[in-house]
Amino acid sequence: MTVNADRGRRQRTDGAATRARVLEAAVASILEKGYYRTSSNEIARRAGVTWGTLQHQFGSRELLLLEVLNQRWHELQHEMATAEVLGTTLEERLHSVLEVLATHYRDRAQLASLQIVLDLSRDPEVSQATKRAIDEHGERLVEAWQPLFEQALGDAAHDEILVRYAFVTLRGYLTGNLIASSITDTSDDHDLRELLVQGVASAIGQRAAQRGLRVR
C-alpha cells in the first residue's frame, strides 16, 4: 500500500471519528444547557474542534442538528430490524416489543432529538429541504417498526390502525416516562407497565376479533 493511500484512509477514519464526536457533543450540550443555548461554538468547544471543522463537516448548525436526527433514525432502523420478539402469549410479546422500543425511546438522547424536531419543523428560518427531511422521517417511521409488530401480532399486524395504536401507545408511555425521569424518580413503575400491556393486549384482541384477524 502506498503512503498516499495510507494517508487517505487515515484521513477518512479521522474524519468519521471527528464527525461522531461532534454529534455526541451536540446531544450532550442540548441535554445539559438546553436547545437554544447549544450554539455552534459550544458544540465545537465540547468536541475539541474549531468552528471551521464543523462548517467543513456539516455546513451549518441546522444541518449538524439534522444529522443528529439522521443518526438516531439509522440507529432506530437497525434496532428494529435486528430485534427478536419473544413470548408465547400476546402480553409477553408486547412486553418484549416494549423492551425493544425502550432501547431507543428510553435513551436520554431522545430528549435532545425531540427538541431538535420541534424546533426545526416549526422555525420559519429553517430551510424547506430540512423540513422535508424531517417529514420524510416521520412518514417512513412505520417501515422501521412494522416488522416488530408483525412478529408480535401475526395476521393482526395487517390492520394499520391497530398497529399504529399499539405503537403510539407504547411509545407514548416510554416518551412520557423519559421526560418524567429527567425531573423525578420513575424507576418503580412495574404495575403501570403491566396495566399498560394488559390494556393494549385487550384492545388488540377486541379489534382483531371484530375484523376476523388472527392474533399470533
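Let's start at one residue and work outwards: setting aside neighbours up to four places away in sequence, S96 is in contact with E84, V85 and L86. S96 itself sits in helix α5. The C-alpha atoms of S96 and L86 are 6.0 Å apart, although 10 residues separate the two along the chain. How buried or exposed is S96? With a relative accessible area of 13%, S96 falls under the 20% cut-off, so it counts as buried.

Before going further, keep in mind that this is a predicted model. The mean pLDDT of the protein chain is 90, and 94% of the residues reach 70 or more. Helix α5, where we began, has the highest mean pLDDT among the elements, at 96, while helix α1 (residues 3-33) has the lowest, at 77. Over residues 7-12 the pLDDT drops below 50, and beyond near neighbours in sequence this stretch makes 1 contact in the model. Where pLDDT is low, the predicted coordinates shouldn't be read in detail.

Now step back to the whole chain. It has 9 helices and 0 strands, so going from the N terminus you meet α-α-α-α-α-α-α-α-α, by the DSSP runs used here. The C-alpha atoms fill a box of roughly 65 × 45 × 35 Å along the principal axes. Of the 216 residues, 41% are buried. Among contacts with a separation of 6 or more, 68% join residues 24 or more positions apart.

What holds the middle of the story is the nonpolar packing. The largest nonpolar core has 35 residues, and L101, L148, F149 and L153 touch the most other members. Two or more residues of this core come from each of α4 (61-82), α5 (90-105), α7 (128-153), α8 (160-181) and α9 (190-210). Which element gives the largest share? That is α5 again, with 8 residues. Take L148 as a guide: leaving out residues up to four places away in sequence, L148 touches M80, A83, V85, V97, V100 and L101. V85 is a name we have met already, as one of the contacts of S96. Apart from this core lies another, of 25 residues, including Y35, A109, V126 and I134.

Over at the other end of the confidence ranking, helix α1 is also home to a second serine worth a look, S29. Its relative accessible area is 0%, so S29 is buried. Which residues does S29 touch beyond its neighbours within four places in sequence? They are G34, T38, E42 and R46. E42 leads us into helix α2 (residues 40-47), where the buried residues are S40, E42, I43, A44 and A47. Just after α2, G48 takes a positive phi of about 75°.

Finally, the outside. The accessible surface of the protein chain comes to about 12,100 Å², and carbon and sulfur atoms account for 51% of that. As for charge, the chain carries 26 positive and 30 negative charges, and the mean positions of the two sets are 6 Å apart.

Definitions and conventions. Residues numbered from 1 in each chain as written. Predicted model: local features only at pLDDT ≥ 70, side-chain atom pairs only at ≥ 80, totals over all residues. Heavy atoms only, no water. Core = buried A, V, L, I, M, F, W, Y, C linked by side-chain atoms within 4.5 Å. Buried < 20%, exposed > 50% of the residue type's maximum accessible area, 1.4 Å probe, protein only. Helix = DSSP H or I, 4+ residues; strand = E, 2+ residues; numbered from the N terminus. Contact = heavy atoms within 4.5 Å. Areas by Shrake-Rupley, 256 points an atom, 1.4 Å probe, with all protein chains shown as cover. Lys, Arg positive; Asp, Glu negative; His and termini not counted. Charge placed at Lys NZ, Arg CZ, Asp CG, Glu CD. pLDDT = per-residue confidence, 0-100.
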